[in-house]
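New to this one? Here is a quick briefing to read alongside the sequence and the 3D view.

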Amino acid sequence: MSVGSRVRRVAVIAAPPVSMFNLAIPEMLFGKVEIDGGPGYETVICTPDPGPVTTTGGLDLVVPHGLEAVEGADTVILAGSGAYEDPDPRVLDVLRASAGDGKRIASICTGAFALAEAGLLDGRAATTYWAYRPLLAARHPAVDLQDDVLFVQDGPVLTSSGYAAGIDLCLHVIRTDHGAAVANAVARLALVAPVRPGGQTQFTQTPLPPERGVSFADTRAWAMEHLDEPLGLTDLARHAGVSVRTLSRRFHAETGVSPLQWLLHQRVEWAKELLETTSLAMDQVARASGLGSADSLRQHVLRRTGLTPSAYRSSFNRLTGAVAP
């Protein structure tokens, strides 16, 4: 939820050898947030020893800021590092101090190892890239390690699985701070998938190649424009020009979820955006999002956010007055 026009500060820690992709994700997404015509975030990258920082790709990046940059941050994100089994003690000290100050702390990919070594994941639900889960579980048995999820939030601590799941984690942070409409707008600007639920499965199996070179991207885009209609498997399959069986198999290979799970998620996300950006009545929001009734809207929004639709609107609606839908 936005707090006036205050710019939130995000400090991204680059512990060498750092993943360049991990570093790019926060800057790319947080840098696209605009609130009331101004930036919503200031993102700063810092490292234990300012200057050239080695990367997992063999290149050097010049990072001018030391770990003192973390002091003024609201959120601290630890990027994945190739030295995940032996985290820098200075990074651990900064993480512990940040936790003591009540900062929000997150990790991408193998960054979870440093959070665990700092003791910040003891008794908490957490995740990391699926290939490293057994090692993290063996080294830190006090962590409630979650299998096959994109990201996990437990209180002020967030962890994501590998690489692209860091995008989902950052979009989740933006949504938490500024609402679904802002997060989805950032996703569209960055040409990435809309906000996905953290419980969505990791892609631990190799996706099937699209048959005849055709994917379901067009069908998903079409469905997004017809969420207010009673779409089902038959409708999606007809638009894609395949059988329901083929749709179900290949859709899951592309997205990691079934067609109906994906459709429900998009309906709830659209309902949340309508709650934030319009003054539509609850039954109108339910119909416009394809959730059917106000009771169904309440059930799904409560399950997804922990808030009733009216409470969600009170928390995230940014209308300056009575706005016509």
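**Cysteines and disulfides**

Cys 46 counts as buried because its relative accessibility is 0%. Keep in mind that you're looking at a predicted model. The notes below start with the cysteines, then move on to salt bridges and two single residues.

- Cys 170 is buried too, with a relative accessible area of 0%.
- A disulfide is a covalent bond between the sulfur atoms of two cysteines.
- How many disulfides does a search of the whole structure find? The count comes back as zero.

**Salt bridges**

- Searching the whole structure turns up 16 salt bridges.
- One of them pairs the side chains of Arg 8 and Asp 177, at 3.7 Å from N to O. Arg 8 sits in strand β1 and Asp 177 in helix α5 (residues 165-178), so this pair ties together parts that are 169 residues apart in sequence. Both Arg 8 and Asp 177 are buried.
- Arg 175 forms a salt bridge with Glu 269, and the closest N and O atoms are 3.1 Å apart. Here helix α5, home of Arg 175, gets tied to helix α10 (residues 259-277), home of Glu 269, so parts 94 residues apart in sequence are linked. Both of these residues, Arg 175 and Glu 269, are buried.
- Glu 269 also meets Arg 304 in a salt bridge through their side chains, at 3.8 Å from N to O. Since Arg 304 lies in helix α12 (residues 294-305) and Glu 269 in helix α10, the pair ties together parts that are 35 residues apart in sequence.
- Is each partner in that last pair buried or partly exposed? Arg 304 is partly exposed, because its relative accessible area is 30%, while Glu 269 is buried, with just 4%.
- Put together, salt bridges with shared partners join Arg 175, Glu 269, Lys 272 and Arg 304 into one network.

**Val 7**

- You'll find Val 7 in the segment before β1 (8-13). Val 7 is partly exposed, because its relative accessible area is 36%.
- Val 7 and Gly 38 are 31 residues apart in sequence, and their C-alpha atoms are 8.4 Å apart in space.
- Which residues does Val 7 contact, leaving aside its neighbours within four places in sequence? They are Pro 39, Gly 40, Tyr 41, Glu 42 and Asp 74.

**Thr 127**

- Thr 127 is in the loop between β9 (125-126) and α4 (133-139).
- Thr 127 counts as buried because its relative accessibility is 0%.
- The side chain of Thr 127 reaches the backbone oxygen of Gln 146 at 3.2 Å.

Definitions and conventions. Residues are numbered from 1 along each chain as its sequence is written. This is a predicted model: local features need pLDDT of at least 70, side-chain atom pairs count only at pLDDT 80 or more; totals for chains, interfaces and linings use all residues. Side-chain values use heavy atoms; hydrogens and water are left out. Helices (H or I, at least four residues) and strands (E, at least two) are DSSP runs, numbered from the N terminus. Buried means under 20% relative accessible area, exposed over 50%, partly exposed in between (1.4 Å probe, protein chains only). A polar contact is a pair of N or O atoms within 3.5 Å; within protein, one must be able to donate a hydrogen and the other to accept it, and residues adjacent in sequence count only if both atoms are side-chain atoms. Contact means heavy atoms within 4.5 Å. A disulfide is a pair of cysteine sulfur atoms within 2.5 Å. A salt bridge is a side-chain nitrogen of Lys or Arg within 4 Å of a carboxyl oxygen of Asp or Glu.
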